[in-house]
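Work through these exercises with the structure open beside you. Try each task before you read its solution.

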Amino acid sequence: MCGRYSLALRPAQVRQMLQDNDMPVDDAPDDDGDDAPRQSYNFAPGYHGIVYRADVPDRGAGPGRQDAGASDETAAEEEQNASESGEAGGSSSSSNSTSSVRYKLQSMKWGLVPFWTKRSPDYGSVMKTINCRDDSLAQGGGMWSSMKARKRCVVVAQGFYEWRKKKGDGGRERLPHYVRRTDGKLMCFAGLWDMVQYENDEHKHYTYTIITTDSNKQLKFLHDRMPVILDNGSEGLRTWLDPERYEWSSELQALLKPFDGELEVYPVSKDVGKVGNNSPSFIIPIDSKENKSNIANFFAKGGSAATTTTTTTKKKNAKEEEQQQPQIEVKKEEGFVVADDDDSTYVRDRRSTAQLGVKREAEDEPVGGEPPRKMATMTTTTTSPQKGGRSKISATSNGTKSPGKAKQQPGTQKITKFFANSS
């Protein structure tokens, strides 16, 4: 089964990639506008995708047929045109060169609606025709009989999704996987298309389905079915689209086989399981370094970020401590040291003799003035005022005096002398 695929390219990009693979494109839809196909990494049934097919009438390839809605004159005219173009005779082999065949890209809705449908079907009915089994085409008759002969196409995709049932839980949990070509080329799924006009509706509705077959050895672990993948620009692809082959044959049936090329398969995000979600990460391996949702990448980045943050914090704290630590410098005046803090006080140098005051030097006498008065020498020690009344810590002294030995009072004796006298 193929129930989800990716195609996030514009029609112009698809056209160029197909032409690079020897697949001519004579006409293609616009990149923008109401009729432009959808671009999505999570392409679901009901979306308008890109279909590559031969440029044949809406009735399909081959000679015209008289149906209930066509007049006798129209049917006769179609038969005559078919005869003139060499199509009459019902041959399933190609009688003319396929070089004159025109190919085009067309926007169609995923979920085939047969041409005889009168009213627009509901979503549930459309879901039944998003895929067509290859073994159902081997049987005669059925709803696919007219399309498989005259309305064959190729559905363009970048890759497709498949869900693997997880063992041990009864199949309740399914893990999505993405499948794409290892060479990076577009995938060309074999498909069928049709056109329908509903009652009281003049608009033409083009729809398509994807043909599935047995999985190849590479995908057996994932699912027992896979879409039929035709090799880009191959002879088999041209045979599948050949409008000269308007009758079903064993040669066409033989093209519906498992893909024998190399495919790349890997698990992806579970978010792709919800229709409406769309992200480029859906086609990136879940364990890839490019995938932002990878839990391993999250912790790797988190560990790196944590290490960087810790280092930065340590450097910041060290810098703050360095700024808070007062810088001590020695004054030029002998016998004093001072801290660069505004609230620091002077302390005496223990190595020098304590001085109670410093005698001022006499100033030069002014000319013609009175002799200067003698200044009294200060004999008291003053301390600089302290802000907030808090004591300051000196770098060389703790500001306390060593306790002196108390004089022994009369009548007090050491306990050793007391016992000595007693003996």
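**Exercise 1. A strand pair**

How many bridges join strand β1 to strand β7, and do the two run parallel or antiparallel?

*Solution.* Keep in mind that this is a predicted model.
- Step 1. Find strand β1 at residues 5-7 and strand β7 at residues 159-165.
- Step 2. Count the links: two bridges join these strands.
- Step 3. Check the directions: β1 and β7 run antiparallel.
- Step 4. Pick out one bridge: Ser6 has Gly159 in β7 as its partner.

**Exercise 2. The whole sheet**

Give the strand order of the open sheet. Then explain why β2 and β13 each have one side without a neighbour in the sheet.

*Solution.*
- Step 1. Read across the five strands: β2-β1-β7-β8-β13.
- Step 2. Note the pairing, which is antiparallel.
- Step 3. Look at the edges, where β2 (40-43) and β13 (263-267) stand.
- Step 4. Each edge strand has a single partner, so one of its sides lacks a neighbour in the sheet.
- Step 5. Add the twist: from one strand to the next, it averages 25°.

**Exercise 3. The largest cavity**

Describe the volume and the lining of the largest cavity.

*Solution.*
- Step 1. Start with the count: the structure has two cavities of 30 Å³ or more.
- Step 2. Take the largest, which holds about 80 Å³ of space.
- Step 3. Its lining has 14 residues, and Ala54, Ala61, Arg150, Arg152 and Leu241 are the closest to the centre.
- Step 4. Trace the elements: β3 (48-54), α5 (145-150) and α6 (235-241) each give at least two residues to this lining.
- Step 5. Sort the lining by class: eight nonpolar, six charged and no polar residues.

**Exercise 4. The second largest cavity**

Which residues line the second largest cavity, and how do they divide by class?

*Solution.*
- Step 1. The volume is about 50 Å³.
- Step 2. The lining consists of Asp22, Met23, Pro24, Tyr52, Tyr103, Gly233, Leu237 and Arg238.
- Step 3. By class, five are nonpolar, one is polar and two are charged.

**Exercise 5. Confidence**

Where does the pLDDT fall below 50?

*Solution.*
- Step 1. Begin with the chain: its pLDDT averages 76, and 59% of the residues score at least 70.
- Step 2. Residues 66-97 are below 50, and this stretch has 31 contacts beyond near neighbours in sequence.
- Step 3. Residues 328-356 also stay under 50, with 44 contacts beyond four places in sequence.
- Step 4. Apply the rule: where pLDDT is low, do not read the predicted coordinates in detail.

Terms used: Residues numbered from 1 in each chain as written. Predicted model: local features only at pLDDT ≥ 70, side-chain atom pairs only at ≥ 80, totals over all residues. Heavy atoms only, no water. pLDDT = per-residue confidence, 0-100. Contact = heavy atoms within 4.5 Å. Pairing = 2+ DSSP bridges. Helix = DSSP H or I, 4+ residues; strand = E, 2+ residues; numbered from the N terminus. Axes fitted to C-alpha atoms, helices over the stretch in contact; angles between N-to-C directions. 1 Å grid on protein atoms, 1.4 Å probe; cavity = no way out; pocket = protein on both sides within 12 Å on 5 of 7 lines; lining within 4 Å. Points joined across faces, edges and corners; volume = space filled by probe spheres on them. Nonpolar A, V, L, I, M, F, W, Y, C, P; charged D, E, K, R; others polar.
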